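Dear colleague,

Please find below the structure that I am handing over to you. My findings follow directly after it.

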Amino acid sequence: MTQSAYWNRIAAQAQAEDRPFFSLAPMEAVTGSVFRRVVMRAAAPDNFYTEFTNALSITHPKAKVTTRGRLYIDPSETPKPIVQLWGNSGEDFAKAAKEVQRQGYEAIDINMGCPDMAVIKNHSGSDLIRHFDTAKAVIDGARQADLPVSVKTRLGFDHLEEYETWIPFLLKQQVPVLTVHVRTRAEMSKVPAHYDLIDQLVQMRDTLAPDTLLQINGDIPDYQAGIKLATEHPGVDGIMIGRGIFTNPYAFEKVPQVHTSHDLLELLRYQLDLYDQFVAMGIQGHFAPLQRFFKIYVRGMRGAAEIRNALMQTQTTAEVRTIIDQLEAEN
């Protein structure tokens, strides 16, 4: 087991059920408190992550106000999400780690895999794959608080074989959890995930850091696919699902159920209610990011394209509810 009580608790619960633990991936403008609670209602994974947040902004006098929405945790969220941070300064991570601990977070994850060019130009995210010293500095900085520090990364930056040095380097840092999106930064999501390398990742972990939990991410659509992948690759401890949640909000169901259009529209209503509550608290919120979720709820409905187009024309949650009312009246 790891040296982290937080992660031991997550892993032990899953092991008691003879399965890997499951996580919802951190996604920009997606995995805020509102959507985390939607997934909790639909079918909850074992743990959640926040949107990724710039470590510097958390304590910066001017920028810290903008992180309030990203870092908000509703009292109903159990377990508390893991805060994911990005940046390139050990000092920034040290300050941020102490602040998120003060705010009640119980675990930190460092983003070392984001392929976004703006993040890379900031020498952060997947750019850290090319800078081992900086990567170690931010891990050490984050450890200045009394919280477990995990890492999420990719196999390499430009070339697949980079994993042969990069992954062992991270394992030698003895992090409690290493999450690997099994593609390179250059591959983005344009090629199939390299599941063929998972057994080698497990072997590296077993040799260099047997107490580190290995979590796999990439092209895993739902719970059943995650169980299959973990069964085919013994030694995998965790499964992380990202884009699959946009195809199926019930992706974490252990036993798949049939969900009607009414079920999906009611889940959308719930998200709208939570969004309105969020904004009413005085936390900065924008309607446009909410629109990216609409496709989740109308996928598979008769006339889905037209319904989604109508929803995308809305500017308020009240207008969205009017469309939902019309759809339910027709069915």
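I begin with a pair of helices: helix 8 and helix 9 cross in a right-handed sense. The residues that make this contact are Tyr163, Glu164, Ile167, Pro168 and Leu171 on helix 8, together with Gln200, Leu201, Met204, Arg205 and Leu208 on helix 9. By character, seven of the residues in the contact are nonpolar, one is polar and two are charged. Please note that the model is a predicted one.

As to the geometry of this pair, helix 8 spans residues 163-171 and helix 9 spans residues 198-208, and the two pack at an angle of about 40 degrees with their axes 10 Å apart. Helix 8 is therefore oblique to helix 9, since an angle under 35 degrees would be needed for roughly parallel and one of 65 to 115 for roughly perpendicular.

One residue of helix 8 deserves a separate remark, namely glutamate 164. Its relative accessibility is 48%, so glutamate 164 counts as partly exposed; the cut-off for exposed is over 50%. The C-alpha atom of glutamate 164 is separated by 9.1 Å from that of methionine 204, although the two positions lie 40 residues apart in terms of chain separation.

I turn next to the sheet. Eight strands form a closed barrel in the order 1-2-3-4-5-6-7-8, and their pairing is parallel. On average, and with direction ignored, neighbouring strands of this sheet are turned by 30 degrees against each other.

Strand 1 covers residues 21-24, with Phe21 and Ser23 pointing one way and Phe22 and Leu24 the other; all of these are buried. On one side, strand 1 pairs with strand 8 (residues 238-241) in the parallel sense over four bridges, and phenylalanine 21 stands opposite glycine 238 there. Strand 1 also pairs in the parallel sense with strand 2 (residues 47-54), over two bridges. In that pairing, serine 23 stands opposite asparagine 47.

Elsewhere in the barrel, five bridges join strand 4 (residues 108-112) to strand 5 (residues 149-156), again in the parallel sense. Asparagine 111 stands opposite lysine 152 of strand 5.

Lastly, helix 5 (residues 90-102) lies across strand 3 (82-86) and strand 4, and runs at about 160 degrees to strand 3.

Yours sincerely

Notes
Residues are numbered from 1 along each chain as its sequence is written. This is a predicted model: local features need pLDDT of at least 70, side-chain atom pairs count only at pLDDT 80 or more; totals for chains, interfaces and linings use all residues. Side-chain values use heavy atoms; hydrogens and water are left out. Axes are lines fitted to C-alpha atoms, for helices over the stretch in contact, and angles run from 0 to 180 degrees between N-to-C directions. Angles under 35 degrees count as roughly parallel, over 145 as roughly antiparallel, 65 to 115 as roughly perpendicular and the rest as oblique. A crossing is left-handed if the near helix is turned anticlockwise from the far one by less than a right angle, and right-handed if clockwise. Contact means heavy atoms within 4.5 Å. Ala, Val, Leu, Ile, Met, Phe, Trp, Tyr, Cys and Pro count as nonpolar, Asp, Glu, Lys and Arg as charged, and the others, Gly among them, as polar. Two strands pair if DSSP finds at least two bridges between them. Buried means under 20% relative accessible area, exposed over 50%, partly exposed in between (1.4 Å probe, protein chains only).
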